[in-house]
Amino acid sequence: MQYQAGDMLLSAVATLFRGSVNDALVCTDLNSPRRPKYLLLLIHDRDCAKKLVAAFEAAADAPLPEHTPYLVRFAENNLLGYVFPYREERRLSDYAAGQLVTPQLQEQLCINLTVECMSSSLPFPLLYLVLKQNQIHMEKDGSVFLLPAVDLESFDPYITESDCVSRCARQVLEVLQMGGRRRLKSRELVWKKLQKASYSTFHELYYDIRVSSLPTEKPGFAARLKGFWLRRRDGLFRLLLVLCGILTAITVLFLLSQLFFGEIPILRLFQPSFETIGTEDLTLL
């Protein structure tokens with residue numbers, strides 16, 4: 001399927017989500033020789049489309065309006081499309097355990113997440129769905145980006161910053177709880193304020209994590225070893241299976257050779273060539 005979006009001719013190359021009110025597609029621009037990829041949020045429900053348009057317009061009328069988070073908006077037949085920049089998915093939930101191997105790294109990622117939400121120009125109702133539906137992604141350097149590839153069926157135009165920051169604080173707690181039993185002031189502070197519903201802005205959450213976080217230090221050998229194991233364990237397990245299969249095949253060949261020929265020819269390589277001639281052993285002469 002192709003869509004004309006401004007100067008771009010978008011062709012879908014992957015489907016991230018299909019739902020009752022919208023689809024989320026990865027598209028490439030056929031008009032560009034570089035074939036860049038974009039995220040296309042395609043709304044086919046009229047009521048949802050009206051709510052989303054109104055939310056973007058309200059965000060643009062905010063006291064400090066930012067640039068629009070989407071590149072192009074277009075309408076085609078009964079469809080409304082929003083084109084966003086696209087980056088390869090790297091979900092926080094999939095990579096955090098292997099990458100955030102120290103409390104300092106966990107706290108720094110929470111700061112990065114809060115800053116990303118704070119600086120995002122997504123309308124709060126859309127930002128809330130991004131956080132709720134686990135569309136938080138992290139790079140290898142610990143930076144964070146948000147991808148609005150969400151299901152808009154539960155889109156609520158009355159969601160505010162307070163709702164978003166509370167949702168973000170829950171995500172922050174999940175990351176900080178990866179530190180195990182170690183007592184973290186940042187975790188305790190965020191948990192207490194979340195229980196009291198004290199957060200109303202992202203600045204408050206950012207301040208709490210920043211002032212209570214541990215001093216930054218390089219991870220020790222044990223932490224680096226643990227991170228290496230968590231990142232590579234699937235590949236190491238597959239390698240171990242392959243090696244076991246090879247050893248099993250060699251063992252079977254040796255057994256068959258012993259049964260049919262009475263010897264294992266390859267073991268001749270380990271016999272002294274000048275001490276054994278035919279059936280005569282020179283060491284016995």
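The paragraphs below lead through a predicted model of one protein chain, from its overall make-up to individual residues.

The chain has 285 residues, and 38% of them are buried. Its secondary structure consists of eight helices and ten strands. Many contacts bridge long stretches of sequence: among those between residues at least 6 apart, 60% join residues at least 24 apart.

The interior is a suitable place to begin. In soluble globular proteins, nonpolar side chains tend to be buried together. In this model, the largest nonpolar core contains 56 residues, and Y82, L152 and L205 have the most contacts inside it. The element that gives the most to this core is helix 5, residues 161-176, which supplies eight residues. A second core, separate from this one, has twelve residues, including A5, L10, L25 and C27. The surroundings of L152 illustrate how parts of the chain meet in the largest core. Once its neighbours within four places in sequence are set aside, L152 is in contact with V21, N22, L41, I43, C48, L52, L126 and L129.

Aromatic rings form another set of relationships. The whole structure holds six aromatic pairs. A pair of aromatic rings is described by the distance of the centres and the angle of the planes. For F56 and Y70, the centres are 5.0 Å apart and the planes stand at 80°, an edge-to-face arrangement. This pair links distant parts of the chain, with F56 in helix 1 (residues 46-60) and Y70, 14 residues away, in the loop between helix 1 and strand 5 (72-76). Both F56 and Y70 are buried. The two also belong to one aromatic cluster, together with Y82 and F84; Y82 was named above among the residues with the most contacts inside the largest core.

Rings also lie beneath charged side chains. R87 is placed over the face of F145, 4.1 Å from the ring centre. Likewise, the charged end of R90 sits over the ring of Y95, at 4.1 Å from its centre.

Helix 3 can be checked against the expected geometry. Its 17 residues, 103-119, should span 24 Å at 1.5 Å a residue, and its end C-alpha atoms are indeed 24 Å apart, so the two values agree. The buried residues of helix 3 are a mixture that includes P103, Q104, E107, L109, I111, L113 and C117. An α-helix has 3.6 residues a turn, so residues three or four places apart point the same way.

Polar side chains occur in the interior as well. D23 lies in strand 3, and D23 counts as buried because its relative accessibility is 9%, under the 20% limit. A polar atom of the D23 side chain lies 3.4 Å from the backbone nitrogen of G19. The same side chain makes a polar contact of 3.5 Å with the side chain of H44. Beyond its close sequence neighbours (those within four places), D23 is in contact with F17, R18, L40, L41, L42 and H44.

Q135 offers a case from a loop, the one between helix 4 (124-132) and strand 7 (136-138). Its relative accessible area is 5%, so Q135 is buried. A polar atom of the Q135 side chain lies 3.3 Å from the backbone oxygen of A149. Apart from neighbours within four places in sequence, the residues in contact with Q135 include E89, R91, F145, L147 and A149. F145 is the residue whose ring lies under R87.

The same loop holds N134. Most residues other than glycine have a negative phi, and most peptide bonds are trans. N134, although not a glycine, has a positive phi of about 60°. With a relative accessibility of 23%, N134 counts as partly exposed.

A positive phi also occurs at R35, near 50°. R35 is found in the loop between strand 3 and strand 4, and its relative accessible area of 41% makes it partly exposed. L30 lies in that loop too, which runs between strand 3 (22-29) and strand 4 (37-43). L30 is partly exposed, at 28%. Leaving aside neighbours within four places, L30 is in contact with Q2, L9, S11 and R35. The C-alpha atoms of L30 and S11 are 6.8 Å apart, although the two are separated by 19 residues in sequence.

How values were computed: Residues numbered from 1 in each chain as written. Predicted model: local features only at pLDDT ≥ 70, side-chain atom pairs only at ≥ 80, totals over all residues. Heavy atoms only, no water. Core = buried A, V, L, I, M, F, W, Y, C linked by side-chain atoms within 4.5 Å. Buried < 20%, exposed > 50% of the residue type's maximum accessible area, 1.4 Å probe, protein only. Helix = DSSP H or I, 4+ residues; strand = E, 2+ residues; numbered from the N terminus. Contact = heavy atoms within 4.5 Å. Polar contact = N/O pair within 3.5 Å; in protein donor to acceptor, adjacent residues only side chain to side chain. Phe/Tyr/Trp six-rings, centres within 6.5 Å; stacked < 30°, edge-to-face > 60°. Lys NZ or Arg CZ within 6 Å of the ring centre and 35° of its normal. Expected span 1.5 Å × (residues − 1).
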